[in-house]
Amino acid sequence: MKRAADSTFTSPKASKRQASLAGFFKPSPKSIPKLEGEVKPIVIDHDDEFEDITSTHLDKGKGKEVDSSVDIKLSDDVSTGPYPPPDHPSYHLPPTPTYNHPILISSIPTTLQQIHFNTTANPILKPSLDLDLLYFKRFIDPSLSSRELTKYLLESLPWYRVKYMVRGININTPRFTTVFGKDSTDIPWGGYMKCRPRAIPEILLKLMQKVEEVTGSTFNFALVNYYSSGNDSISYHSDSESFLGPNPTIASLSLGCPRDFFLRHREYKSHTPPVPVEKFVLHDGDMVVMRGKTQHEWEHSVPKRKDAGGRINITFRKGVVRYASENYYTYNVGKGGMYRWKDGRMVETEE
Ligand SMILES: O=C(O)CCC(=O)C(=O)O
Ligand SMILES: [Fe+2]
């Protein structure tokens, strides 16, 4: 099931979506997109069944290495100053660093003051099929930091198990989710009627800074998933260009137990010759960056698996319209209960 509608470009399905998107990006007099009467993308995640096929490993390495490992300090660094800088092109600073956080987020532990990043990029390109990925193996070095980071994120973030209804059907999101950030429009943080955007917590901002540095892109959202078991999943979808603009760069970080990550071409059934599904295993600390026309021509998923342990996924992306904020908060926070990580499991809580 798709997460949303898309924009411009080539394939027949894609060009169908083009018309509504063109309208979406047309600037209104106040340069704020109008919502009335437009076709709103609907996000639906549901319990698709997937074949359990042995996956190939990204570690086998396609493409060439283009960078080297570096260390950065995660504590405030006088040489770079606070992050994001006030003139950050897409992350508008919230009124306070904890703006709209529903719970207190504890400060970054000393064990996470210094994170070792492996910044070797491995391009995975199929230009004729518009697949454009960068794979960073163990971007967050497991030996030093990924365990502490996983624990800290589980314990400090508010989590949700969003339920909603689409055309009379009740949908249970099959994973825990949470989201931070605000789109790049000039709408102030307090100016949203349909959601309450939350400041990006310090640890995610620091990671975002590093990811921006290695990708050359800027972001304003951190969407976080927690797959508590192999029964948690995300079905085939593309990250909507309606919210992110054409050819968005999305950086996706994995922490914890390995999970399969599949990409299938939108026309995989009808394409001649057939386009095989790209199958990867994402390990603790790995980062995949989806670029170019990947969202437009491909869909990605994390299928259910019989045996899988807990895994966190963080995606950094740049929302460019108000509806990005409204959609992301609706489907990743929702209106139901909040969960917190206590004694090794998620517990529904009031605080
Ligand atoms: O967990 C993952 O690797 C993918 C998550 C994803 O596709 C999403 O949140 O849009
Ligand atoms: Fe996605």
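**Exercise 1. List the buried residues of H2 and work out how they are arranged.**

Step 1. Ser145, Ser146, Leu149, Thr150, Leu153 and Leu154 are buried in H2. The model is predicted.

Step 2. Look down the axis of H2. The buried residues fall within an arc of 155°, so they line one face of the helix.

Step 3. The general rule is helical geometry: an α-helix has 3.6 residues a turn, so residues three or four places apart point the same way.

Step 4. Find the cover. It includes strands S2 (114-117), S9 (221-227), S11 (250-256), S16 (311-317) and S17 (338-342).

**Exercise 2. Check the length of H2 against its expected span.**

Step 1. Helix H2 has 15 residues, 142-156.

Step 2. At 1.5 Å a residue, counting one less than the number of residues, H2 should span 21 Å.

Step 3. The end C-alpha atoms of H2 are 20 Å apart, which agrees.

**Exercise 3. Describe the burial of H6 and what follows this helix.**

Step 1. Helix H6 spans residues 322-332 and is mostly covered, with 10 of its 11 residues buried.

Step 2. Among the buried residues are Arg322, Glu326, Tyr328, Tyr329 and Tyr331.

Step 3. The cover of H6 includes strands S5 (159-160) and S8 (176-181), S9 and helix H4 (241-244).

Step 4. Gly334 follows H6; its phi is positive, near 70°.

**Exercise 4. Identify the residues that touch the most other members of the largest nonpolar core, then trace the contacts of Ala222.**

Step 1. The core has 65 residues, of which Leu204, Met208 and Ala222 touch the most other members.

Step 2. Set aside residues up to four places away in sequence. Ala222 then touches Phe180, Gly181, Ile200, Leu204, Met208, Ile314 and Phe316.

Note on methods
Residues numbered from 1 in each chain as written. Chains lettered and ligands numbered in written order. Predicted model: local features only at pLDDT ≥ 70, side-chain atom pairs only at ≥ 80, totals over all residues. Helix = DSSP H or I, 4+ residues; strand = E, 2+ residues; numbered from the N terminus. Buried ≥ 20, exposed ≤ 12 C-beta atoms within 10 Å, placed from the backbone. Arc of directions from axis to C-beta. Contact = placed C-beta atoms within 7 Å. Core = buried A, V, L, I, M, F, W, Y, C linked by C-beta atoms within 7 Å.
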